[in-house]
Amino acid sequence: MNQYAVVTAEEAYQSRDGVIKLHGEEGFAGMRAAGRLAAEILDALVPHVVPGVTTQEIDDIVREMTIRAGGVPATLGYRGYTHSCCTSINHVICHGIPSDKKLRDGDIVNIDVTPIIDGWHGDTSRMYLVGDVPVKAKRLVEVTYECLMLGIEQAKPGNRIGDIAHAIQSHAEGHRYSVVREFCGHGLGRLFHDAPEVVHAGKPGTGPLLKPGMIFTIEPMINIGKPHGKVLEDGWTAVTRDRSLSAQFEHSIGITEDGCEIFTASPKGLDKPPY
Ligand code: MF3
Ligand code: CO
Ligand code: CO
């Protein structure tokens with residue numbers, strides 16, 4: 001049995017282990033503003049994600065845009081993380097750390113940002129194609145985007161987290177890809193990572209029931225090869241064990257009376273491949 005609690009915007013700061021928060025209109029308004037900035041940052045990065053740019057240069061743009069808009073990057077100082085975004089290239093599943101490494105023609109890279117505005121977190125990521133990308137990699141990126149959107153279609157009152165998970169898993173495995181199990185989507189709001197845990201593989205009709213007011217991310221990580229990952233010595237970078245390519249898309253959403261609202265949709269329509 002999962003517990004739920006209707007919370008005011010003030011109470012949304014509290015961590016209540018395992019309890020799923022049901023946010024009100026103030027929370028949705030806060031998430032709309034944070035989500036919009038997050039999507040605008042990812043839109044603004046498009047012309048910069050080209051061969052020769054370093055992932056640190058991308059991080060600098062993310063930090064400056066966030067601060068200029070009156071926000072703070074949630075990842076800066078988060079559990080010892082010292083950057084404003086994650087940049088996960090090719091076989092990196094997630095949490096790639098920006099560095100002096102240059103992007104190369106043919107790379108695929110996920111950029112994941114989480115600006116905080118008025119205490120609310122807008123968490124979103126997309127894949128970017130660097131120069132000329134092989135068809136095999138492009139196809140992975142397209143199918144991963146489809147996985148996210150098929151998951152979002154299941155995000156409505158009366159469904160369960162397992163319905164989202166099942167939609168994602170069946171689509172990925174139908175293309176002979178695999179779903180990463182070590183990392184999940186998560187509740188968020190005034191907390192960066194909150195209940196519930198949003199798994200990306202599972203059975204229909206299982207897991208927490210979705211109710212209006214829930215706010216969480218869906219962020220499937222899909223591999224061409226096996227699902228298994230490992231974290232490198234730096235303590236953050238998660239890579240596929242078999243070094244196969246991995247892709248990810250993430251949106252922050254809120255459950256409404258009849259479906260869901262996507263807080264991090266691109267104002268310019270740049271969040272979906274082909275670009
Ligand atoms: N934005 C990531 C997520 O989707 C979390 C990154 S935490 C960091 O949940 F410290 F690695 F940046
Ligand atoms: Co997230
Ligand atoms: Co994220």
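Asp123 bridges two cobalt ions, ligand 3 and ligand 2. The two ions lie 3.3 Å apart. The model is predicted. The points below cover each cobalt site, the chain segments that the donors join, and Ser252, a residue in contact with Asp123.

**The cobalt ion (ligand 3)**
- Its protein donors are Asp112 (OD), Asp112 (OD), Asp123 (OD) and Glu250 (OE).
- These donors lie 2.0 to 2.3 Å from the ion.
- Six donor atoms surround this cobalt ion, with angles of 59 to 168 degrees among them. The site is irregular.
- Along the sequence, the donor residues follow the spacing D-x10-D-x126-E.
- Asp123 sits in the loop between β8 (120-121) and β9 (124-129). Glu250 sits in the loop between β17 (246-248) and β18. The pair therefore ties together parts that are 127 residues apart in sequence.

**The cobalt ion (ligand 2)**
- Asp123 (OD), His186 (NE2), Glu219 (OE) and Glu250 (OE) are the protein donors here.
- They lie 2.0 to 2.2 Å from the ion.
- The angles among the six donor atoms run from 51 to 161 degrees. This site is irregular.
- The spacing of the donors along the chain is D-x62-H-x32-E-x30-E.
- His186 belongs to strand β11 (residues 185-187). Glu219 belongs to the loop between β13 (215-218) and β14 (221-223). So this pair ties together parts that are 33 residues apart in sequence.

**Burial of the donors**
- Asp123 has 3% relative accessibility, so it counts as buried.
- Glu250 counts as buried because its relative accessibility is 1%. Glu250 is a donor to the cobalt ion (ligand 3) and to the cobalt ion (ligand 2).
- His186 and Glu219 are both buried.

**Ser252 and its surroundings**
- Ser252 lies in strand β18, which covers residues 251-255. The loop that holds Glu250 lies between β17 and β18.
- Ser252 has 0% relative accessibility, so it counts as buried.
- Neighbours within four places in sequence are left aside in its list of contacts.
- That list includes Gly122 and the bridging residue Asp123.
- Met31, Leu188, Phe216 and Thr217 are also among the contacts of Ser252.
- Glu261, Ile262, Phe263 and Thr264 are in contact with Ser252 too.

Technical notes: Residues numbered from 1 in each chain as written. Chains lettered and ligands numbered in written order. Predicted model: local features only at pLDDT ≥ 70, side-chain atom pairs only at ≥ 80, totals over all residues. Heavy atoms only, no water. Helix = DSSP H or I, 4+ residues; strand = E, 2+ residues; numbered from the N terminus. Buried < 20%, exposed > 50% of the residue type's maximum accessible area, 1.4 Å probe, protein only. Contact = heavy atoms within 4.5 Å. Donors = N, O, S within 2.8 Å, 3.2 Å for Na, K, Ca; no water. Tetrahedral: all angles 85-135°; square planar, octahedral: opposite > 155°, others 65-115°.
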